[in-house]
Amino acid sequence: GPVAEAGPSGVSSCPTMEILKPSEENIRRAGEALARGLLVAIPTETVYGLGASAFDVRAVARVFEAKNRPVFDPLIVHVDSLEMVDRVATIPSPRVRALMEGLWPGPLTLILPRREAVPDLVTSGLPTVAVRLPANAIARAVIAAAGLPVAAPSANPFGYLSPTLPEHVARMLGGRVDFIVDGGACPIGVESTILDATKEPFTVLRPGGMPLEAIEELAGPVEVFNRSVARPTSPGQLPSHYAPRTPLYLFPSGGLAEARPVGRAAALLFDPASLAALERSGRAAAFAELRVLAPGGTSLEAAAALFAVLHELDGGGFDAICAERLPEAGLGRAVNDRLYKASEK
């Protein structure tokens with residue numbers, strides 16, 4: 001199997017990185033690689049995750065090293081079933097179990113009281129652990145083949161755009177990962193919603209792929225924590241994150257007519273109505289390129305396209321990307337959160 005060696009920068013590199021089509025044999029190979037302490041990028045319905053055995057401290061350390069991720073930023077542990085949750089966390093109440101049964105598998109991460117077996121490096125020393133049962137059948141099959149919970153943050157360098165295609169992972173992490181399981185494009189395209197279920201009221205720590213409305217339908221009213229913190233209590237809370245190399249400027253919904261870009265700029269619009277409004281304002285010519293996230297006008301479409309479009313624009317030689325906010329409903333909240341964290345404050 002691939003052997004990790006320290007490259008010239010001191011970061012472990014895997015010169016034999018392999019992209020695996022998700023055949024039964026390859027899923028077994030990927031699971032065995034995780035069980036042996038190797039790093040495997042796996043597709044989920046949200047974004048690609050950089051997976052390591054949650055119980056193998058050396059493998060988890062390689063994840064932090066490969067991503068250049070600060071060790072005070074905790075990881076999400078992925079499981080293949082409700083039964084596997086018991087190996088990493090306790091379920092604090094019937095309400096939490098109802099959420100698991102109603103919304104899993106799916107893009108919802110629950111903060112739960114951790115079990116002793118979970119290394120401090122995974123949880124950043126916190127008494128809680130972030131747990132998710134992904135909806136992607138390939139991800140669950142790989143975790144089942146490994147026979148253990150898999151710690152997996154997004155498979156990208158820390159703070160950079162999240163990967164929604166296997167090519168994104170190969171380009172950004174290349175020799176730092178042993179295997180990439182190719183599951184095609186991620187259908188949701190923004191990370192999971194993170195809900196702290198350890199205390200009342202339940203609190204959304206990061207908006208994401210599971211709409212707030214779906215959570216409240218099962219759990220009743222929840223709070224939304226929207227102030228990013230210097231020292232996170234869950235993944236995805238740092239104030240600057242998901243950022244392209246090209247400076248991104250965020251405008252209110254319909255506000256791109258007020259943009260005064262310097263140099264060659266791209267406009268990132270929500271839907272055809274936004275594009276039509278910009279063209280009516282006479283300001284469309286200020287942009288070298290106009291991109292619409294959701295031709296069909298839904299926030300689900302915008303979320304699925306967000307990171308792939310940002311990757312493309314980031315490689316387009318622009319001096320700036322000017323983006324507008326989406327309506328604050330459904331997955332619009334998650335897209336706005338990612339755009340805000342990617343923007344120049």
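Which hand, left or right, does the crossing of helix 4 and helix 8 have? In this predicted model, the crossing of these two helices is right-handed. Helix 4 covers residues 94-103 and helix 8 covers residues 212-219. Two packed helices are described by the angle between their axes and the distance between the axes. For helix 4 and helix 8, the angle is about 130° and the axes lie 9 Å apart. An angle from 115 to 145 degrees is neither roughly perpendicular nor roughly antiparallel, and helix 4 and helix 8 are therefore oblique to each other. On the helix 4 side, the contact is made by Arg95, Ala98, Leu99, Gly102 and Leu103. These residues meet Ala214, Ile215, Leu218 and Ala219 of helix 8. By residue type, the contact of helix 4 with helix 8 divides into 7 nonpolar, 1 polar and 1 charged.

Ile215 of helix 8 also leads to the next element, as one of the residues touched by threonine 193. Threonine 193 is placed in strand 11, which spans residues 193-196. Its relative accessible area is 2%, and the limit for a buried residue is under 20%, so threonine 193 counts as buried. Leaving aside residues up to four places away in sequence, threonine 193 has contacts with Pro107, Leu108 and Thr109. Val204 and Arg206 are also among its contacts, as are Pro207, Gly208, Gly209 and Met210.

Strand 11 belongs to an open sheet of 11 strands with mixed pairing. The strand order is 3-10-4-5-9-6-8-7-11-12-13. Strand 3 (18-20) and strand 13 (223-224) are the edge strands, and each pairs on one side only. Towards the strand 13 edge, the sheet can be followed strand by strand. Strand 11 and strand 12 pair in the antiparallel sense, over 3 bridges, and they form a hairpin with 6 residues between them. In this pairing, aspartate 196 has threonine 203 in strand 12 as its bridge partner. Strand 12 covers residues 203-206 and is joined to strand 13 by 2 bridges, the two strands running parallel. Here threonine 203 stands opposite glutamate 223 in strand 13, while valine 204 stands opposite valine 224. Threonine 203 is thus named in both pairings, with aspartate 196 and with glutamate 223.

Helices also pack on this sheet. Helix 2 (residues 57-67) lies across strand 5 (49-53) and strand 9 (150-151) and runs at about 155° to strand 5. Helix 7, residues 166-173, touches strand 3, strand 4 (40-42), strand 5 and strand 10 (179-181). The direction of helix 7 makes about 165° with that of strand 10.

Which residues does leucine 121 touch, not counting those up to four places away in sequence? They are Val57, Val60, Ala61, Phe64 and Val71. Leucine 121 itself is in helix 5, residues 120-123. With 22% relative accessibility, leucine 121 counts as partly exposed. The C-alpha atom of leucine 121 is separated by 24 Å from that of threonine 203, which is 82 residues apart from it along the chain.

A further open sheet consists of 4 strands in the order 14-17-15-16, with parallel pairing. Strand 14 (248-251) and strand 16 (289-292) stand at its edges with a single partner strand each, so one side of each has no neighbour in the sheet. From one strand to the next, the twist averages 20°. Strand 15 (residues 265-269) and strand 17 (residues 320-324) run parallel and are joined by 4 bridges. Within this pairing, isoleucine 321 in strand 17 is the bridge partner of alanine 266.

Two helices lie across the strands of this sheet. Helix 9, residues 272-281, lies across strand 15, strand 16 and strand 17, at about 150° to strand 16. Helix 10, residues 299-314, lies across strand 14, strand 15, strand 16 and strand 17, and runs at about 170° to strand 15.

Helix 10 also packs with helix 11 (residues 332-342), at an angle of about 30° and with the axes 8 Å apart. Angles under 35 degrees count as roughly parallel, and helix 10 and helix 11 are therefore roughly parallel to each other. Helix 10 passes helix 11 in a left-handed crossing. Ser299, Ala302, Ala303, Leu306 and Phe307 in helix 10 make contact with Gly332, Val335, Arg338 and Leu339 in helix 11. The residues of this contact comprise 6 nonpolar, 2 polar and 1 charged.

Methods:
Residues numbered from 1 in each chain as written. Predicted model: local features only at pLDDT ≥ 70, side-chain atom pairs only at ≥ 80, totals over all residues. Heavy atoms only, no water. Buried < 20%, exposed > 50% of the residue type's maximum accessible area, 1.4 Å probe, protein only. Contact = heavy atoms within 4.5 Å. Pairing = 2+ DSSP bridges. Axes fitted to C-alpha atoms, helices over the stretch in contact; angles between N-to-C directions. Parallel < 35°, antiparallel > 145°, perpendicular 65-115°, else oblique. Left-handed = near helix turned anticlockwise from the far one by under 90°. Nonpolar A, V, L, I, M, F, W, Y, C, P; charged D, E, K, R; others polar.
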